[in-house]
Amino acid sequence: MTAPARRAPPWSAPRRGRWLAALCLLPFALVFFAFQIAPLLWVAVNSLQTADGWSLANFTRILESRFYRQAISHSLQVSFWSSLFGLLIALLGSYSLHRVDSRLRDFVNAFATMTSNFAGVPLAFAFIILLGFNGALTLLLRQIGWIEDFNLYSKTGLIVIYTYFQIPLGVLLLYPAFDALREDWRESAALLGASTWRYWCHIGLPVLTPALVGTFVILLANALGAYATVYALTTGNFNIVPIRIAALVAGDINLDPWLASALAMLLVGLMALITLVHQWLLRRSYHAAR
Amino acid sequence: MRRAEQGPVLLYHRLVVWLLFLILLLPLAGTLLYSLATSWSATVLPSGLTLKWYLALWSDARFLSAFGHSLLVCFGALLLSVLLILPLLFVVHYHFPRLDGLMNVLILLPFAIPPVVSSVGLLQVYGSGPLPLIGTPWILIGCYFTVALPFMYRAISNNLLALNLRDLMDAARVHGASTWQAAFWVVLPNLRKGVMVALFLSFSFLLGEFVFANLLVGTRYETLQVYLNNMRNSSGHFNSALVISYFFFVLLFTWAANRLNKDLP
């Protein structure tokens, strides 16, 4: 820290006022600790506890079990594909949103904000009605002959429903990023003879890349932690990490909060890893170098 | 980037935007139609329309009590947020501006830690012992406070920054107001709209919270989402009426927030 930053600013309130002010922070700190920090600490500490004391046994048990490895693999696959599809649709959508008249733009933007709240149990129900075994859309698509059969309660089905709730979030996050693309760049590129394709490859996408990667990371984290949708859709029968964690602390049989803690820490660790990779990518990107 | 196109390019962009809108609308429209249908199975369109599912829903005592529980928990959590976050933000911005950096890291936690992870710890810490909160609405009020925190903090913080707090406070002090008086009678009224917008939006996503409600409390204090999940085996039409009724409130509050936001100076 540099010296000028340390000096009390000229508007500094009197000392007694500062103490009173610090006291105002106390209630917030207490509640935040009680409901955010304390549970997390409990999980972190107890993931390393077994009957015999401190050990990594909970983690090795998870990694040696085929059942838990399958849950992790399912989580990763569903999260990855739904984030990728959600990102692509949001990318196409938010670019076009920027290029239509403002009435349509404002309307669809507002609608996307609203549907970002349409997730979890209600979304699962809506999808069962539309795409379940006897869903209207399933029947329609079967009549046209586009699909043989569609199982909403499978991995593919989960990817579809996860993609749906990723789209509004993707649009909300990506839409502002397009402001960075300046109209004259596109005109200059066209004047110099670049095709639309070359413009996007060499100017458009590179400028957008940090926003795309950042959005992808947030979507990934969003999907990895999602529980309500898959729980309501499959009554907890699809093997995915959040379902396994919940089953270990709130199920009817096999309660094991220590194993649940280890699994929870694995999930948090996975997200932390993704964030670190993101930070590393950002640091070596073209924008940071400037 | 803000130039509307012409010709076939405009047509393409319009098409994409309408397609996006249709994709987002489809599950909602399907549910709406289902909630109004007399019966709808094994055909592409329903056989007749009726309002009986809504009548059945809104005269169901269990639904009304679950809705009341949800409202109480959400209002409780939002009240707690305002009571804790407003003084916090004022003190951070006025007395300890350097704390803002730390706060920006702390408020990432509720966002980064999935509720299912927090629930593991919460169930153990408050399951028994000095604070047996599991199964009571109090634990939900505490948890929903953390859920709303990142959003409320950022929204109100941006508002405070736009206000030019320092000048406002100095002006009030010059006119003889104490710090408390200035904060309460000058700064607070200026924040009113911004706080209302944040509250409306937080309310609309808290109403949809399911993980904490189901894992920590369940049927002991049934909220809207838990009720919805527990009704899974009843008629699909009834459930659709429930989903649409729920989403109507979400729509109402987001719309109100949008309107207020437009009026903001």
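Residues 138–156 of chain B form a stretch that is 100% helix and 0% strand, with its end C-alpha atoms 25 Å apart. The model in which this stretch appears is a predicted one, and the record gives the stretch a label: the unreviewed UniProt entry lists "transmembrane region" at residues 12–34, 71–96, 102–126, 138–156, 195–217 and 238–257 of chain B. Another of these spans, residues 102–126 of chain B, is 80% helix and 0% strand, and its end C-alpha atoms lie 27 Å apart.

**The two chains**

Chain B as a whole has 12 helices and 0 strands, and its pattern along the sequence is accordingly written α-α-α-α-α-α-α-α-α-α-α-α. Chain A, by comparison, has 14 helices and 2 strands. The table sets out some overall values for each chain.

| Chain | Residues | Radius of gyration | Compact globule of that length | Span along principal axes | Buried residues |
|---|---|---|---|---|---|
| Chain A | 290 residues | 24 Å | near 19 Å | about 70 × 70 × 35 Å | 37% |
| Chain B | 265 residues | 23 Å | near 18 Å | about 75 × 70 × 30 Å | 46% |

For chain A, then, the radius of gyration is 24 Å where a compact globule of 290 residues would have one near 19 Å, and for chain B it is 23 Å where a compact globule of 265 residues would have one near 18 Å. If one takes the contacts in chain A with a separation of 6 or more, 73% of them join residues 24 or more positions apart, and in chain B the corresponding share is 72%.

**A span annotated in each chain**

UniProt, again in an unreviewed entry, places the feature "domain: ABC transmembrane type-1" at residues 72–278 of chain A, and an annotation with this name covers residues 67–257 of chain B. In chain A the annotated span is 77% helix and 0% strand, with its end C-alpha atoms 21 Å apart. In chain B the annotated span is 80% helix and 0% strand, and there the end C-alpha atoms lie 21 Å apart.

**Domains of chain B and the contact with chain A**

Chain B is divided into domain 1, residues 1–50, and domain 2, residues 61–263. The centres of these two domains of chain B, taken over C-alpha atoms, are separated by 32 Å. Where the domains meet, 6 residues of domain 1 of chain B are in contact with 7 residues of domain 2 of chain B, and the residues on the domain 1 side comprise 4 nonpolar, 2 polar and no charged.

How many residues of chain B are in contact with chain A? There are 66 of them, and they touch 75 residues of chain A. Helix α1 of chain B, residues 7–36, gives the most to this side of chain B, with 14 residues. Sorted by class, the side of chain B that touches chain A has 41 nonpolar, 21 polar and 4 charged residues.

**The nonpolar core**

The largest nonpolar core has 157 residues, and those with the most contacts inside it are A:Ile245, A:Leu263, A:Ala264, B:Leu140 and B:Tyr144. Helix α3 of chain B, residues 61–94, gives the most to this core, with 16 residues. Because domain 1 and domain 2 of chain B both give residues to this core, it lies between them.

B:Tyr144 can be followed further: if its neighbours within four places in sequence are left aside, B:Tyr144 is in contact with B:Val73, B:Cys74, B:Ala77, B:Leu206 and B:Glu209.

**Two residues with a positive phi**

Most residues other than glycine have a negative phi, which makes exceptions worth a look. A:Thr235 is not a glycine, yet it has a positive phi of about 45 degrees. A:Thr235 is placed in the loop between α11 (228–234) and α12 (241–250) of chain A. Is A:Thr235 buried or exposed? A:Thr235 is exposed, because 12 other C-beta atoms lie within 10 Å, and a residue counts as exposed if it has 12 or fewer.

In chain B, the phi of B:Asn164 is near 65 degrees, which is a positive value in a residue other than glycine. B:Asn164 is found in the loop between α7 (137–163) and α8 (165–174) of chain B. With 12 C-beta neighbours inside 10 Å, B:Asn164 counts as exposed.

Terms used. Residues numbered from 1 in each chain as written. Chains lettered and ligands numbered in written order. Predicted model: local features only at pLDDT ≥ 70, side-chain atom pairs only at ≥ 80, totals over all residues. UniProt positions renumbered as here; feature names shortened; annotations may be inferred. Helix = DSSP H or I, 4+ residues; strand = E, 2+ residues; numbered from the N terminus. Contact = placed C-beta atoms within 7 Å. Nonpolar A, V, L, I, M, F, W, Y, C, P; charged D, E, K, R; others polar. Rg over C-alpha atoms; globule rule 2.2 N^0.38 Å. Buried ≥ 20, exposed ≤ 12 C-beta atoms within 10 Å, placed from the backbone. Domains from an automatic or database assignment. Core = buried A, V, L, I, M, F, W, Y, C linked by C-beta atoms within 7 Å.
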